[in-house]
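Trainee: Could you take me through the disulfides in this one? I'd like a close look at that part alone, and I'm happy with a long answer.

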Amino acid sequence: LQLVESGGGSVQPGGSLRLSCAASGGTSDYYAIAWFRQAPGKEREGVSCISAVDGSTNFADSVMRRFTISRDNAKNTVYLQLSSLKPEDSAVYYCAAVETADPYYADYCLARSFEYDYWGQGTQVTVSS
């Protein structure tokens, strides 16, 4: 499975961006997709995820009610809508995938980055005035 992120860029505080994670070459119908981010000098942080089974989602507290995640199975693409952006949202954003049919995976998906077998190359998001 190959993952390619796009949509990053530079925006002012309060602005919005939509990140895309396009998947190709997968052999399974059940890939949970998550977004992680990493800022310079900081640990990687789980941002959001969406399950493969029923579209359940989860969000980090830091982005709750500002970010939304969705998936278009026909296009094999997952989107992360970033709104009300803050300077502390600046980071490289990565999408990652794990093959799982666990219907409860969204409950703990952000705490298990080590389980993700497939990672994209990342896209830079910079929030600055």
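Mentor: Let's go through the disulfides one pair at a time. Keep in mind that this is a predicted model, so everything here is computed from it. There are two disulfides in the structure.

Start with Cys 21, which is bonded to Cys 95, with 2.1 Å from S to S. These two cysteines sit in distant parts of the chain: Cys 21 belongs to strand S3 (residues 17-24), Cys 95 belongs to strand S9 (residues 91-99), and 74 residues separate them. If you look along the link of Cys 21 and Cys 95, you'll find 70° about the S-S bond, and the link is right-handed. As for exposure, Cys 21 and Cys 95 are both buried.

Now the other pair. Cys 49 is joined to Cys 109, and their sulfur atoms are 1.6 Å apart. That falls within the 2.5 Å cut-off, so the pair counts as a disulfide. Cys 49 is part of strand S5 (residues 45-50), while Cys 109 is in the loop between S9 and strand S10 (118-119), so this bond ties together parts that are 60 residues apart in sequence. The handedness is left-handed here, because the torsion about the S-S bond of Cys 49 and Cys 109 is about -60°. Cys 49 has 1% relative accessibility and Cys 109 has a relative accessible area of 0%. Buried means under 20%, so both Cys 49 and Cys 109 qualify.

Finally, the pattern: number the bonded cysteines of the protein chain in sequence order, and the pairing reads 1-3, 2-4.

Conventions. Residues are numbered from 1 along each chain as its sequence is written. This is a predicted model: local features need pLDDT of at least 70, side-chain atom pairs count only at pLDDT 80 or more; totals for chains, interfaces and linings use all residues. Side-chain values use heavy atoms; hydrogens and water are left out. Helices (H or I, at least four residues) and strands (E, at least two) are DSSP runs, numbered from the N terminus. Buried means under 20% relative accessible area, exposed over 50%, partly exposed in between (1.4 Å probe, protein chains only).
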